[in-house]
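Reader: Hey, could you walk me through this one? I'm new to reading structures.

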Amino acid sequence: MADALLSRRSLITQGAAVVATGASGLLSLARASGLAPTPSMRGGSNNYRPGAPIVNRIGGGGFWMTGTVRRAGDGVPLPGQRIQIWAHTTEGHERDPHSHGATLTDAKGEFRLEMPQIVPAFGQPHGHLAYDSGEFETVFLRPVMSSARDKTLAAHFVLQPL
């Protein structure tokens, strides 16, 4: 029979066969169904400042930048990863040092940093984020908000180990 039918029983049987092959079989399964790494976005590194300090909040706050950080392949959440955030806001331009700050991911690989309201720059309200700690490939993101009135913006990283 050229076409195999998938059933619950065949999936369980195939899963048991993969486990029986040991770690290499599990690694192959993770790669086959793996999560692709996030590519850097065009314009994401504009006005990047290496080594921006870890802060509790940027400026007066009122806007939340949130997101997740996971490992490519298996999608495991990555705690303790440094994410730098900067933007053109009501309190400064994205090139201003006081418009930059960094935060760390929590045990679930999630981050959250309060900052001033993002305002349009070059016609679009957008943020900039970077993973640049060195354990994984550097990634720059530049997510665009659907409206300048939004009070949150989320960005998600899937990182490729070096």
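Author: Sure. One term to start with: a polar contact is a pair of N or O atoms within 3.5 Å, and within protein, one must be able to donate a hydrogen and the other to accept it. Also keep in mind that this is a predicted model.

Reader: Ok, so which side chain has a polar contact with the side chain of histidine 126?
Author: Histidine 128 does, at 3.3 Å. The side chain of histidine 126 also reaches the backbone oxygen of glutamine 124, at 2.9 Å.

Reader: Where is histidine 126 found?
Author: Histidine 126 sits in the loop between β6 (124-125) and β7.

Reader: Is histidine 126 buried or exposed, and why?
Author: Histidine 126 is buried, because its relative accessible area is 2% and buried means under 20%. Leaving aside neighbours within four places in sequence, histidine 126 is in contact with Ala87, Glu94, Ile118, Ala121, Arg142, Pro143 and Val144.

Reader: Switching topic: what order do the strands of the open sheet come in?
Author: Four strands make up that sheet, in the order β3-β2-β7-β8, with antiparallel pairing. The edge strands are β3 and β8, each pairing on one side only. On average, neighbouring strands of this sheet are turned by 20° against each other, direction ignored.

Reader: And how many bridges does β2 have with β3?
Author: Five, in the antiparallel sense. β2 also pairs with β7 (residues 127-131) over five bridges, again antiparallel.

Reader: Can you give me actual residues? What stands opposite isoleucine 83 in β3?
Author: Threonine 103 does. In β7, the bridge partner of isoleucine 83 is tyrosine 131. Tryptophan 86 stands opposite histidine 100 in β3.

Reader: Which way do the β2 residues point?
Author: Arg82, Gln84 and Trp86 point one way, while Ile83, Ile85 and Ala87 point the other way, and all are buried. In a regular strand the side chains alternate between the two faces of the sheet.

Reader: Last thing: which residues have the most contacts inside the largest nonpolar core?
Author: Leu129 and Phe157, in a core of 22 residues. The elements giving two or more residues to this core include β1 (63-71), β2 and β7. The largest share, four residues, comes from β9.

Reader: So what is leucine 129 in contact with?
Author: Leaving aside neighbours within four places in sequence, the list includes Met65, Ile83, Ile85, Trp86, Phe111 and Phe157. Among the others are Val139, Phe140 and Leu141.

Terms used: Residues are numbered from 1 along each chain as its sequence is written. This is a predicted model: local features need pLDDT of at least 70, side-chain atom pairs count only at pLDDT 80 or more; totals for chains, interfaces and linings use all residues. Side-chain values use heavy atoms; hydrogens and water are left out. Buried means under 20% relative accessible area, exposed over 50%, partly exposed in between (1.4 Å probe, protein chains only). Two strands pair if DSSP finds at least two bridges between them. A nonpolar core is a set of buried Ala, Val, Leu, Ile, Met, Phe, Trp, Tyr and Cys residues joined through side-chain atoms within 4.5 Å. Contact means heavy atoms within 4.5 Å. Axes are lines fitted to C-alpha atoms, for helices over the stretch in contact, and angles run from 0 to 180 degrees between N-to-C directions.
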